[in-house]
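Student: Can we go through this protein model together?
Tutor: Sure, take a look at the structure first.

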Amino acid sequence: MAMKREITRDDLMPLAEYAMVRAARRAAAVARKRNRRLEVGPVATFHFEDYDSMWLQVQEMLYIEKGGEAQIADELDAYNPLIPNGRELVATILFEIDDPVRRKALLARLGGIEETAFIRIEGETIKGLPEADIDRTSADGKASAVQFIRFPFTPTQISRFRQPGAQIIVGFAHQAYGHMAVMPETVQAALADDFD
């Protein structure tokens, strides 16, 4: 069965119905996300998105904000672009630092980090593309703690990604945060389903 690539109004549950299954849906999502995340360096985590993660995000926003029918179009417009199109991976990257002083100091040094994210498969680098419509580094050079990056793949790169045992490295080539991590095979196997 082909992976769904867009959430429509018809895919959403009425809030009363969602409330009855919310705890179970959230628990299942937490379990699923274990194989769709990767820590890169001491404070960055890549969360690789898909239809299911974005569907839950939309349902949660509608449930929490209770904006009704008027809110639905905005949520779909915000979250549908984060669903991979079958030829890419899409990551939400969080820089998680509890101490506000440390967080502010680090983010002040990470301007432009969204331009340096990459995935390397067997030595070939796929450069991440930050979301085009939002500037994630401020004019004074401070990076946002949340980044949205897509990684477009060629058919050959997809084939290599799917090979069991392929060495896949995820990282940043930023002078203040040049960290990398090897993608575990469990994550690789989960993300391989994002491709057509």
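**Cores and a helix pair**

Tutor: The largest nonpolar core has 36 residues, and Phe-95, Phe-153, Phe-161 and Phe-172 have the most contacts inside it. Such a core is a set of buried Ala, Val, Leu, Ile, Met, Phe, Trp, Tyr and Cys residues joined through side-chain atoms within 4.5 Å. Buried means under 20% relative accessible area (1.4 Å probe, protein chains only).

Student: Which strand gives the largest share of this core?
Tutor: Strand β3 (residues 88-95), with 4 residues. Strands are DSSP runs of E, at least two residues; helices are runs of H or I, at least four; both are numbered from the N terminus.

Student: Is there a second core, and what does it include?
Tutor: A separate core of 19 residues includes Tyr-51, Leu-56, Ile-72 and Tyr-79.

Student: New topic. At what angle do α2 and α3 cross?
Tutor: Roughly 150 degrees, and the axes of α2 (residues 51-65) and α3 (residues 69-79) come within 10 Å. Axes are lines fitted to C-alpha atoms over the stretch in contact, and angles run from 0 to 180 degrees between N-to-C directions.

Student: How sure is the predictor?
Tutor: The chain averages a pLDDT of 92, and 95% of the residues score at least 70. pLDDT is the predictor's confidence in each residue, from 0 to 100.

Student: Which element has the lowest mean pLDDT?
Tutor: α3, at 90, while strand β4 (residues 117-121) has the highest, 98.

Student: Any ground rules?
Tutor: This is a predicted model: local features need pLDDT of at least 70, side-chain atom pairs count only at pLDDT 80 or more, and totals for chains, interfaces and linings use all residues. Residues are numbered from 1 along each chain as its sequence is written, and side-chain values use heavy atoms, with hydrogens and water left out.

Note on methods:
Buried means under 20% relative accessible area, exposed over 50%, partly exposed in between (1.4 Å probe, protein chains only).
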